[in-house]
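User: I am new to this structure and would like a close look at one part of it. Please choose a single element, describe it carefully, and relate it to what lies around it.
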Amino acid sequence: MQNTNVILLRHGQCEGGNILRGQVDVGLSKQGELQMKVALAAVFESKNASTSAPDVIISSSLIRCSGPAKAFATSHQLPLFVDDGFKELNFGDWDGKTFDALYQSDAAALDSYWANPWLAAPPNGESMQDFETRIELAWQDMIEQHQGKQILLVTHGGVIRYLMSKVLGVSRCAGFYTSLKLPYAAKVQIDILHDGDTPHLSLNWA
């Protein structure tokens with residue numbers, strides 16, 4: 001049997017203010033940069049019995065993730081792989097707009113979407129089914145390529161919520177994503193025990 005440990009790290013606070021931030025490519029604020037420096041230092045210095053320093057870093061290709069991931073990988077001489085599969089959901093016409101503007105123009109559609117995002121995609125955006133399928137494919141490829149390693153995955157709140165729901169066995173449950181509170185630079189760990197062809201996943205969330 002073999003273990004793979006994945007630390008999921010959400011990016012820090014971003015520039016742009018109170019906007020719907022999907023695949024709009026904005027960088028971190030000064031506060032966000034500080035949050036990530038603290039979070040990444042804590043990951044590298046972890047004394048958790050099940051986790052050593054990461055062997056490899058995987059990052060979403062959006063700059064709010066890939067920027068700090070690249071700096072961390074360079075400073076610690078770690079391999080970095082940037083993967084489009086771990087980007088946030090594409091909110092289409094809503095992406096990058098302020099919530100105030102969206103609720104003035106599309107309040108009913110937005111409320112319906114938050115209530116059950118599997119029923120309809122954002123206008124010209126990505127469906128929740130496509131989003132989850134994309135993450136699942138990226139996740140399976142990552143585990144296949146880096147089985148047995150300590151992996152740091154720098155990604156987004158929506159991606160982490162899907163992976164948490166996967167481990168917990170929750171599927172298409174309206175309101176479940178929003179019930180999982182993940183502040184900026186939040187850290188979640190998924191441990192995988194490989195027993196033959198059957199992986200056993202457990203969630204560590206503090």
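Analyst: With a salt bridge taken as a side-chain nitrogen of Lys or Arg within 4 Å of a carboxyl oxygen of Asp or Glu, the count comes to two salt bridges. The model is a predicted one. One partner of the second bridge, glutamate 136, lies in helix α5, and this helix is the part examined here.

Helix α5 runs over residues 128–145 and has 18 residues. From the first C-alpha to the last, α5 reaches 26 Å, close to the 26 Å expected at 1.5 Å a residue.

Which residues of α5 are buried? They are Met128, Phe131, Glu132, Arg134, Ile135, Glu136, Ala138, Trp139, Met142 and Ile143. An α-helix has 3.6 residues a turn, so residues three or four places apart point the same way. The buried set of α5 includes Phe131, Ile135, Ala138 and Met142, and charged side chains are found in it too, among them Arg134 and Glu136.

These two charged residues lead back to the salt bridges. Arginine 134 meets glutamate 126 side chain to side chain, at 2.9 Å from N to O. Arginine 134 counts as buried because its relative accessible area is 18%, under the cut-off of 20%. Glutamate 126 is buried as well, at 14% relative accessibility.

The other bridge joins the side chains of lysine 166 and glutamate 136, again at 2.9 Å from N to O. This pair links distant parts of the chain, since lysine 166 belongs to helix α6 and glutamate 136 to helix α5, with their positions 30 residues apart. Glutamate 136 is buried, with a relative accessible area of 19%, whereas lysine 166 is partly exposed, at 26%.

The loop that precedes the helix also deserves a note. Asparagine 124 is found in the loop between α4 and α5. This asparagine has a positive phi of about 60° although it is not a glycine, and at 66% relative accessibility it counts as exposed.

Helix α5 also takes part in the lining of the two largest pockets. The largest pocket has a volume of about 690 Å³. It is lined by 30 residues, and those closest to its centre are Leu20, Glu88, Phe91, Trp114 and Arg161. Helix α5 is one of the elements that give two or more residues to this lining; the others are α4 (107–115), α6 (157–168) and α7 (176–179). By class, the lining of the largest pocket has 16 nonpolar, eight polar and six charged residues.

The second largest pocket has a volume of about 220 Å³. Of its 13 lining residues, Gln140, Ile143, Gln147, His194 and Pro199 are the closest to the centre. Of these, Ile143 has already appeared among the buried residues of α5. At least two lining residues come from each of α5, β5 (187–195) and β6 (198–204). Which element gives the most to this lining? Helix α5 does, with four residues. The classes here are five nonpolar, five polar and three charged residues.

Strand β6, which shares in lining this second pocket, is also the place of leucine 201. Leucine 201 is partly exposed, with a relative accessible area of 29%. Although leucine 201 and asparagine 3 are 198 residues apart in sequence, their C-alpha atoms are 9.9 Å apart in space.

A last point concerns covalent links between cysteines. A disulfide is a covalent bond between the sulfur atoms of two cysteines. The structure holds zero disulfides. Cysteine 14 is in none, and the nearest cysteine sulfur, that of cysteine 65, is 7.8 Å away. That distance cannot count as a disulfide, because the sulfur atoms would have to be within 2.5 Å. Both cysteines are buried: cysteine 14 has a relative accessible area of 7%, and cysteine 65 stands at 0%.

To draw the picture together, α5 is a helix of 18 residues with Arg134 and Glu136 among its buried residues. Arginine 134 pairs with glutamate 126, and glutamate 136 pairs with lysine 166 of α6. The helix also gives residues to the lining of the largest pocket and gives the most to that of the second largest.

Notes: Residues are numbered from 1 along each chain as its sequence is written. This is a predicted model: local features need pLDDT of at least 70, side-chain atom pairs count only at pLDDT 80 or more; totals for chains, interfaces and linings use all residues. Side-chain values use heavy atoms; hydrogens and water are left out. The expected span of a helix is 1.5 Å times one less than its number of residues. Buried means under 20% relative accessible area, exposed over 50%, partly exposed in between (1.4 Å probe, protein chains only). On a 1 Å grid over the protein atoms alone, a cavity is a set of points where a 1.4 Å probe fits but cannot get out, and a pocket is an open set with protein on both sides within 12 Å along at least five of seven lines; lining residues have an atom within 4 Å of a point. Grid points are joined across faces, edges and corners, and a volume is the space filled by probe spheres set on the points. Ala, Val, Leu, Ile, Met, Phe, Trp, Tyr, Cys and Pro count as nonpolar, Asp, Glu, Lys and Arg as charged, and the others, Gly among them, as polar.
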